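Student: I'm new to this one. Could you take me through what the contacts and labels in it rest on?

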Amino acid sequence: MMSEPLVLGIETSCDETGVGIVRGATLLADEVASSVDEHARFGGVVPEIASRAHLEAMVPTIERACAVAKVKLSNIDAIAVTGGPGLVGALIVGTSSAKALALALGIPVFAVNHLAGHIVVDELEHGPLPDSVIGLLVSGGHSSLIQLTGSDFRALGATLDDAAGEAFDKVARLLGLPFPGGPWIDQIAQSGDENAIAFPRGLTAAHEGAANRLNFSFSGLKTAVARWVKQQQQAGNGVSVPDVAASFQEAVVDVLTQKAFAACQDTGIEHLVIGGGVAANSRLRARALERAASIGVSVRIPRPGLCTDNGAMIAALGSRLLMRGATPSDLSFSTTSVLPIETVVLDELD
Ligand code: KG4
Ligand code: ZN
């Protein structure tokens, strides 16, 4: 296979229309059109609104990406597109566009796993990943620990209920902050005391068992924050939003870092990469880097713009697959709201 392919990646799993272009592992363009403002008043992403926004944004975003990368569509060697997991209506807009491009240009298409994209995107910023690496994937829809060895992704653990980003968004809503709440909590927590309130650290107690050592649970934490706020209000006490935000964030970060390093310890893998929207969190980044230095594990975290959903991560994954000789998707591929990390390409012929 060619050594440095030009790959266009399309991401439409949620509310960001992302189009990225890479040559090999070099980022040439990363254009994102977000419909987040259209969802804000509903307090969450409305699938129908997201789908229509993707349809409107798709062609202009592709055109912008080609202009920024200074390439013509006719020069593209392969298309990569998010096949799942995500909102099916939203995914259909991206995959239909990808199929049309692949048909018109006569080039292969890789319908790829969004979660794997969140991990390998770091190659665009920090170079090739080590042969074996632990991935901590923390986004609005997922929280998982993943082992990537060569081309194989394997789930080591996942959340049993809410995703980390979902917990940030729900707690933010409770505190009267706008959607999506993660960035707001991050900012407001900077003026709060992270030790002000002792919120629970889900699935970290010894009695919760070895089976859940690498699993997460954030719904109890969310409920604990809600209960605490209500109790204070009923008692006529003021609620310090910065203190609640900082204490909540600390509980999430404690659990994420503890379990990520436990996965390194259990597998003997000394490299950790963190991806997904919550990886943009300043406290998580600082704590992970600090802890890593003290125990001799290397930690890589892409810059915040590459952590949240984007097309570059999909292009990066497509390019990596192409260079490793993976089989492209058959053009009849479908989309799926649920996709285990082990399936990196839809309709891959094993
Ligand atoms: O990966 P992403 O862009 O979309 C999904 O695939 O879900 O992640 C979005 C999530 C949202 O829940 C958002 O609140 C959270 O990432 N997020 C953050 C920060 N920036 C985005 N959470 C905490 N701190 C941040 N700075
Ligand atoms: Zn994502």
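Student: What makes the approach of Gly165 to ligand 1 a polar contact?

Tutor: A polar contact is a pair of N or O atoms within 3.5 Å (within protein, one must be able to donate a hydrogen and the other to accept it, and residues adjacent in sequence count only if both atoms are side-chain atoms). A backbone N or O atom of Gly165 is 3.1 Å from an oxygen atom of ligand 1, so the pair meets that limit. Asn281 uses a side-chain N or O atom, 3.0 Å from a nitrogen atom of the ligand. The protein covers 88% of the 560 Å² of accessible area that ligand 1 has on its own (Shrake-Rupley method, 1.4 Å probe; for residues, only the protein chains shown count as cover).

By the way, this is a predicted model: local features need pLDDT of at least 70, side-chain atom pairs count only at pLDDT 80 or more, and totals for chains, interfaces and linings use all residues. Residues are numbered from 1 along each chain as its sequence is written, chains are lettered from A and ligands numbered from 1 in the order in which they are written, and side-chain values use heavy atoms, with hydrogens and water left out.

Student: Why is the pair of Phe199 and Trp228 called edge-to-face?

Tutor: Rings of Phe, Tyr and Trp (its six-membered ring) pair if their centres lie within 6.5 Å; planes under 30 degrees apart count as stacked, over 60 as edge-to-face and the rest as tilted. Here the centres are 6.4 Å apart and the planes at 85°, so Phe199 and Trp228 are edge-to-face.

Student: And why is the pair of Phe216 and Phe218 called stacked?

Tutor: Their centres are 5.9 Å apart and their planes at 15°, so that pair is stacked.

Student: Why is Phe199 called buried?

Tutor: Buried means under 20% relative accessible area, exposed over 50%, partly exposed in between (1.4 Å probe, protein chains only). Phe199 has 5%, so "buried" fits. Cys264, with 4%, is buried, while Cys14 has 23%, so Cys14 is partly exposed.

Student: How do you know that Cys14 is in no disulfide?

Tutor: A disulfide is a pair of cysteine sulfur atoms within 2.5 Å. For Cys14 the nearest cysteine sulfur, that of Cys307, is 16 Å away, so the cut-off is not met. Cys264 is in no disulfide either: the nearest cysteine sulfur, again that of Cys307, is 17 Å away. The structure holds zero disulfides.
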